[in-house]
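Colleague: I am new to this structure and would like to learn how to read it, one feature after another. Could you take me through it slowly?

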Amino acid sequence: MSLRSFMYSTPVFLSVFLLQEAVVTQLRLPLGGFNLLLIVALIWAALSTPEIGALTGFGAGIAMDLSQSSSGPMGQWTLVMIIACYAVAFLGYGDDNIRANPINIVLLTTAGVVAARIVYLVLGILLGEQAGNLQSIFWSLAGTAFWTAIISPLVLKVISFIHANVFGLSSRI
């Protein structure tokens, strides 16, 4: 990632973080809601190379660790986001059929959000955090998957456009 691309993508993620903290956390949605920063980071990673995906995960993970709504220890979201963004970028990088079809990106993002939440839960249990009962965990994961599947197509076009302009790519979704 060049310095120019880094400087252009930083304000994008900072504004998404501020939007997440100021607006999205105030929404009271049934079944738990969604995390806009997680969705945007995974879409950005799905459109990028694995190296850029890992860098995206690192930046988004630090922002999620600094969030006031984060309950885990510092660095837990960073680790989870590096793994999730790298995996999503790796899965989407080799196959142009995934990048060319917006439905595939939405499905990959939704699966990535659920997988990231599961990894966060498992790491939290290993670090001694309280997880709650199995029914509440299931409903939270189901609600997150539902809201991610609803929100992802809405932000995909905007993120795709910004990603193409930041990296100077001529192909857009």
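Colleague: Let me begin with a single side chain: which backbone oxygen lies 2.7 Å from a polar atom of the side chain of Thr109?

Modeller: Please keep in mind throughout that this is a predicted model. The backbone oxygen is that of Ile105, which lies 2.7 Å from a polar atom of the Thr109 side chain. As a general idea, an α-helix has 3.6 residues a turn, so residues three or four places apart point the same way. In this case Thr109 has its place in helix 6, which covers residues 102–126.

Colleague: Is Thr109 buried or exposed, and which residues does Thr109 touch beyond those up to four places away in sequence?

Modeller: A residue is called buried when its relative accessible area is under 20%, and Thr109 is buried because its value is 0%. Leaving aside residues up to four places away in sequence, Thr109 touches Ile39, Leu42 and Ile43, together with Thr148 and Ser152.

Colleague: What about Leu108 in helix 6: which residues does Leu108 touch, again not counting those up to four places away in sequence?

Modeller: Leu108 touches Ala46, Val88, Leu91, Gly92 and Ile98 by that count, and at 14% relative accessibility Leu108 is also classed as buried. One of those partners shows how to compare sequence with space, since Leu108 and Gly92 are 16 residues apart in sequence, with 8.2 Å between their C-alpha atoms.

Colleague: How should I read a nonpolar core, and which residues of the largest one touch the most other members?

Modeller: The general idea is that in soluble globular proteins, nonpolar side chains tend to be buried together. Here the largest nonpolar core has 43 residues, of which Leu36, Leu37, Trp44 and Met81 touch the most other members. Two or more residues of this core come from each of helix 1 (3–22), helix 2 (36–46), helix 3 (50–66), helix 4 (76–93), helix 6 and helix 7 (134–167), and helix 2 gives the most, with eleven residues. As for Met81, its contacts, not counting residues up to four places away in sequence, are Leu38, Ala41, Gly57, Ala60, Gly61, Met64 and Tyr86.

Colleague: How many residues of helix 2 are buried, and what covers them?

Modeller: Eleven of the eleven residues of helix 2 are buried, so this helix is mostly covered by the cut-off of under 20% relative accessible area. The cover includes helix 1, helix 3, helix 4, helix 5 (96–100), helix 6 and helix 7. At the start of helix 2, a side-chain oxygen of Asn35 comes to within 3.2 Å of the backbone nitrogen of Leu37.

Colleague: Where should I look for nonpolar residues at the surface?

Modeller: Look at Phe58, Ile62, Leu66 and Met74, which make a nonpolar surface patch of about 400 Å². Phe58, whose place is in helix 3, counts as partly exposed because its relative accessible area is 40%.

Colleague: Finally, what can I read from the loops, for instance from the phi of Leu31?

Modeller: Most residues other than glycine have a negative phi. Leu31, in the loop between helix 1 and helix 2, has a positive phi of about 65 degrees although it is not a glycine, and at 40% relative accessibility Leu31 is partly exposed. In the loop between helix 3 and helix 4 you find Ser71, which is exposed at 59% relative accessibility. Ser71 nevertheless touches Tyr120 and Glu129, not counting residues up to four places away in sequence, and its C-alpha is 9.6 Å from that of Gly124, although Ser71 and Gly124 are 53 residues apart in sequence.

Note on methods. Residues numbered from 1 in each chain as written. Predicted model: local features only at pLDDT ≥ 70, side-chain atom pairs only at ≥ 80, totals over all residues. Heavy atoms only, no water. Helix = DSSP H or I, 4+ residues; strand = E, 2+ residues; numbered from the N terminus. Buried < 20%, exposed > 50% of the residue type's maximum accessible area, 1.4 Å probe, protein only. Polar contact = N/O pair within 3.5 Å; in protein donor to acceptor, adjacent residues only side chain to side chain. Contact = heavy atoms within 4.5 Å. Core = buried A, V, L, I, M, F, W, Y, C linked by side-chain atoms within 4.5 Å. Patch = residues over 30% accessible without salt bridge, like charges linked within 9 Å, V, L, I, M, F, W, Y side chains within 5 Å. Areas by Shrake-Rupley, 256 points an atom, 1.4 Å probe, with all protein chains shown as cover. Salt bridge = Lys/Arg side-chain N within 4 Å of Asp/Glu carboxyl O.
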